[in-house]
Amino acid sequence: MRVAATVRHAALLLSLATAIACDSDLRPLVPGTDACGYCRMTIDDVRFGALVKTAKGRLETFDSIECAASYVATLAPALAPQGIWVADFDHPSHWLDARKARFVQSSQLRSPMGRELAAFSADSTEASLAARFGGRSVSWTDVLTQSRTKLGLAPRHGQIVRPVTWEPAGD
């Protein structure tokens with residue numbers, strides 16, 4: 001019985017390592033196993049998670065939207081990611097293209113890193129989200145700007161910042 005559990009655990013780890021190395025498909029986050037690619041904390045609450053496909057095609061996992069945004073904000077333009085996805089708070093196994101998601105920042109959302117951000121499908125209305133969580137609705141551009149500011153990467157007067165772009169990918 002114990003050997004079978006060890007073999008299953010090893011097979012799970014091997015498949016996760018293969019998925020990360022092959023970087024091809026989006027996959028669910030594994031609570032207690034996956035680590036954040038920015039802060040290195042173990043991912044516990046997948047409702048706030050994110051994935052970034054790097055310029056080289058590797059899939060990085062994140063425990064929070066703010067960690068993914070900070071990671072992306074620090075990338076050189078030549079290393080712009082191929083894709084950024086955020087977990088749908090209401091359906092955490094479903095990934096949303098960060099550019100199309102609706103973000104809510106509210107003290108009622110207890111995100112792992114404390115910026116209180118969660119992502120929702122664009123089908124969710126601002127009114128329904130405000131009724132559920134209060135707070136304010138922000139875009140991915142707003143989230144990136146907040147991260148740049150927090151990291152001291154905000155543009156100085158007159159400085160032009162190119163937006164982080166990537167090719168559209170399937171959800």
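**Ground rule before I start.** I call a residue buried when its relative accessible area is under 20%, and exposed when it is over 50%, with partly exposed in between. I also remind myself that this is a predicted model.

**Entry 1: Asp97 and its partner.** I looked up Asp97 to try that rule out. Its relative accessibility comes to 2%, so I file Asp97 as buried. Its side chain meets the side chain of Arg99 in a salt bridge, at 2.8 Å from N to O. Arg99 has a relative accessible area of 36%, so I note this residue as partly exposed.

**Entry 2: the other salt bridges I checked.** How many salt bridges does the structure hold? My search gave 6. One of them joins the side chains of Arg47 and Asp45, with N and O 2.7 Å apart. I looked up the accessibility of both partners: Arg47 is partly exposed at 32%, and Asp45 is partly exposed at 23%.

Next I turned to Glu126, which forms a salt bridge with Arg102; the closest N and O atoms there are 3.6 Å apart. What does this pair tie together? Glu126 sits in helix α3 (residues 126–133) and Arg102 in strand β5 (residues 102–105), so the bridge ties together parts that are 24 residues apart in sequence. Glu126 has a relative accessibility of 48%, so I put it down as partly exposed.

**Entry 3: two loop residues.** I went to Asp44, in the loop between α1 (2–22) and β1 (50–53). Is Asp44 buried or exposed? With a relative accessible area of 60%, it is exposed. I then asked which residues it touches beyond its neighbours within four places in sequence. The answer is Pro31 and Gly32. For Gly32 I also took the C-alpha to C-alpha distance: 5.6 Å from Asp44, with their positions 12 residues apart in sequence.

Gly57 was my second loop residue, and I found it between β1 and β2 (59–62). At 3% relative accessibility, Gly57 is buried. Its C-alpha lies 8.2 Å from that of Pro81, a residue 24 positions away along the chain.

**Entry 4: aromatic rings.** Searching the whole structure, I found 6 aromatic pairs. In one of them, the rings of Phe62 and Tyr71 have their centres 5.1 Å apart and their planes at 50°, so I call the pair tilted. I looked up accessibility too, and both Phe62 and Tyr71 are buried.

Phe89 and Phe133 make another aromatic pair, with 5.7 Å from centre to centre and 90° between the planes, which I log as edge-to-face. Where do these two sit? Phe89 is in the loop between β3 (83–88) and β4 (91–97), while Phe133 is in helix α3, so their pair ties together parts 44 residues apart in sequence. Both Phe89 and Phe133 are buried.

Then I followed the ring pairs outward from Phe89 and Phe133. They link up with Phe48 and Phe120, and the four form a cluster.

**Entry 5: a cross-check on helix α3.** I came to this helix by two routes. Glu126 in α3 pairs with Arg102 of strand β5, and Phe133 in α3 pairs with Phe89 of the loop between β3 and β4. I also set their accessibility side by side: Glu126 is partly exposed, whereas Phe133 is buried.

Conventions: Residues numbered from 1 in each chain as written. Predicted model: local features only at pLDDT ≥ 70, side-chain atom pairs only at ≥ 80, totals over all residues. Heavy atoms only, no water. Helix = DSSP H or I, 4+ residues; strand = E, 2+ residues; numbered from the N terminus. Buried < 20%, exposed > 50% of the residue type's maximum accessible area, 1.4 Å probe, protein only. Contact = heavy atoms within 4.5 Å. Salt bridge = Lys/Arg side-chain N within 4 Å of Asp/Glu carboxyl O. Phe/Tyr/Trp six-rings, centres within 6.5 Å; stacked < 30°, edge-to-face > 60°.
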